[in-house]
Amino acid sequence: MSAAHPTRFSLARMMAVFIKEFQQMMRDRLTFAMAVGVPILQLVLFGYAINTDPKGLPTVIVSTDSGPMARGLVAALQNTGYFRIDHVLTSERVAEELVETGEVQFMVVIPTDFSHRLVRGERPAILVSADATDPSASGNAIAALNSLVPQAIAHDLPGALKALAGSPASFEVRVHRRYNPEGLSRYNIVPGLVGTILTMTMVMLTSLAMTRERERGTMENLLATPVRPSEVMVGKILPYVVLGYIQLGVILGAAFVLFEVPMEGSKTLLLAMIGVFIVANLGVGFTFSTIAKNQLQAMQMTFFFFLPSMLLSGFMFPFRAMPQWAQYVGELLPLTHFLRVVRGILLKGNTFGQLWPELWPMLLFLLAAGVVALKRYRQTLD
């Protein structure tokens with residue numbers, strides 16, 4: 001006969017269960033560390049690293065005018081805090097290349113006869129080309145640019161020239177929002193979703209698959225076969241590579257049909273770059289599977305990797321708005337470089353040579369993740 005359940009609540013019995021559960025929780029050190037570490041990570045990232053008002057944006061000046069009006073205009077741009085003059089060139093073609101590769105956010109072209117025409121009251125125009133692939137990264141800077149026009153060079157107009165400082169402004173600014181002239185956020189978000197979705201699914205599925213095999217005891221059957229660790233790793237990763245390309249087809253299909261995202265670059269180049277990114281994330285997932293003791297731990301480690309990848313890569317918030325230390329961390333993540341790749345191909349039509357600075361960090365990450373995964377897997381077999 002089964003024992004009768006007690007009818008009254010017992011504080012002593014409750015405390016016994018509490019102590020037992022607490023001890024069991026403390027034995028699972030990884031889960032406990034994640035429970036403490038994730039809130040700290042969120043607090044640091046949201047409190048210090050996230051900023052929606054980027055300043056100090058890299059800017060190239062194209063000018064051959066060395067007059068005081070042109071120098072005053074450049075100084076006014078720097079004084080806004082939004083523009084950091086990294087290059088002063090005389091070739092507009094070289095400056096265009098800097099914008100296309102994403103090395104600078106703005107290109108400011110000052111006409112050769114700017115000072116001369118301004119003194120004559122002809123209201124010369126300066127051209128500002130902005131990399132608008134991420135509208136939130138350039139919007140406030142453009143607004144600041146428009147507001148500085150009336151007083152930008154007022155102190156450089158002495159005597160009879162003071163009349164030029166009135167209304168209308170002595171010069172005009174023509175802003176060209178490149179790659180996304182309408183400022184549509186979906187042109188930035190939808191390509192970014194390719195990377196974030198692949199990161200989450202590839203890392204999670206791979207880590208769960210290997211951990212599940214150990215929990216079910218099927219790993220022992222696999223170890224009894226004459227298969228090398230590298231063969232097991234590659235054999236288990238390849239199906240998820242195929243799955244990643246299927247996901248890619250679905251996402252890009254929706255991007256073109258539903259959201260009308262442009263496709264300016266090479267589809268073949270995009271597929272090749274995505275292959276590197278997928279395998280890099282699968283290497284991370286495989287490594288997690290060799291560390292995790294159960295599927296819960298595998299999920300926790302996936303989330304711990306995905307959270308900074310999403311917040312520090314430039315997907316949700318402008319990358320250049322983050323403090324320098326956060327940018328250094330972000331540069332270590334493959335998603336950061338992949339977002340520049342996919343946006344560069346889709347929106348800018350970048351070529352392989354222009355994307356190489358983003359490809360080699362992904363290849364290096366892939367190599368490191370593969371070596372660590374294989375080493376951890378050999379230790380697991382032993």
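This text leads through a predicted model, beginning with its sheet and moving on to its helices and a few single residues.

The sheet is a good place to begin. Five strands make up an open sheet, arranged in the order S2-S1-S3-S4-S5, and their pairing is mixed. At the edges of this sheet stand strand S2, which covers residues 83-89, and strand S5, which covers residues 172-178, and each of these two pairs on one side only. From one strand to the next the twist averages 25 degrees.

We can now walk across the sheet in that order, starting from S2. S1 and S2 pair in the parallel sense, with six bridges between them, and at one place in this pairing Ile61 stands opposite Val88 in S2. On its way from S1 to S2 the chain passes through helix H3, and S1, H3 and S2 together make a right-handed β-α-β unit. S1 also runs parallel to S3, to which four bridges join it. Here the bridge partner of Ile61 in S3 is Val108, while Thr59 has Phe106 of S3 as its bridge partner. Ile61 therefore can be followed in two directions, because it stands opposite Val88 in S2 and has Val108 as its bridge partner in S3, as the parallel pairing of S1 with S2 and with S3 leads one to look for; in a regular strand, side chains alternate between the two faces of the sheet. That alternation can be seen in S1, where Leu57, Thr59 and Ile61 on one side and Pro58, Val60 and Val62 on the other are all buried, and both faces are covered. Taken as a whole, S1 is mostly covered, with six of its six residues buried.

The next strand along is S3, and both of its faces are covered too, with Phe106 and Val108 on one side, Met107 and Val109 on the other, and all of these buried. The pairing of S3 with S4 is antiparallel and runs over four bridges, and within it Val108 stands opposite Val128 in S4. Beyond this pair, strand S4, which spans residues 125-131, meets S5 in a parallel pairing over seven bridges, where Asp131 stands opposite Arg178 in S5.

Two helices lie across this sheet. Helix H3, made of residues 68-79, lies across strands S1, S2, S3 and S4, and runs at about 145 degrees to S2. Helix H6, made of residues 135-148, lies across S1, S2, S3, S4 and S5, and runs at about 170 degrees to S5.

Other helices pack against one another. Two packed helices are described by the angle between their axes and the distance between the axes. For helix H10, residues 267-291, and helix H13, residues 334-348, the angle is about 170 degrees and the axes are 10 Å apart. Because angles over 145 degrees count as roughly antiparallel, H10 is roughly antiparallel to H13. On the side of H10, the contact is made by Leu269, Leu270, Met273, Ile274 and Phe277, and on the side of H13 by Pro334, Leu335, Phe338, Val341, Val342, Ile345 and Leu346. Of the residues in this contact, twelve are nonpolar, none is polar and none is charged.

A single residue in another helix, Ala298 of helix H11 (residues 295-312), shows how parts of the chain that are separated in sequence can meet. Which residues does Ala298 contact, leaving aside its neighbours within four places in sequence? They are Ser207, Leu208, Thr211 and Ala292. The C-alpha atom of Ala298 is separated by 9.4 Å from that of Thr206, although the two residues are 92 residues apart along the chain. Ala298 counts as buried because its relative accessibility is 0%.

Finally, two loop residues deserve a look for their backbone angles. Most residues other than glycine have a negative phi. Tyr179, however, has a phi near 70 degrees, which is a positive value in a residue other than glycine, and this residue lies in the loop between S5 and helix H7 (186-216). Glu260, which is not a glycine either, has a positive phi of about 55 degrees, and its place is in the loop between helix H9 (229-257) and H10. Are these two loop residues buried or exposed? Tyr179 counts as buried because its relative accessibility is 16%, whereas Glu260 is exposed, since its relative accessible area is 53%.

Conventions
Residues numbered from 1 in each chain as written. Predicted model: local features only at pLDDT ≥ 70, side-chain atom pairs only at ≥ 80, totals over all residues. Heavy atoms only, no water. Axes fitted to C-alpha atoms, helices over the stretch in contact; angles between N-to-C directions. Parallel < 35°, antiparallel > 145°, perpendicular 65-115°, else oblique. Contact = heavy atoms within 4.5 Å. Nonpolar A, V, L, I, M, F, W, Y, C, P; charged D, E, K, R; others polar. Pairing = 2+ DSSP bridges. Buried < 20%, exposed > 50% of the residue type's maximum accessible area, 1.4 Å probe, protein only. Right-handed = clockwise from strand over helix to strand, strands pointing away.
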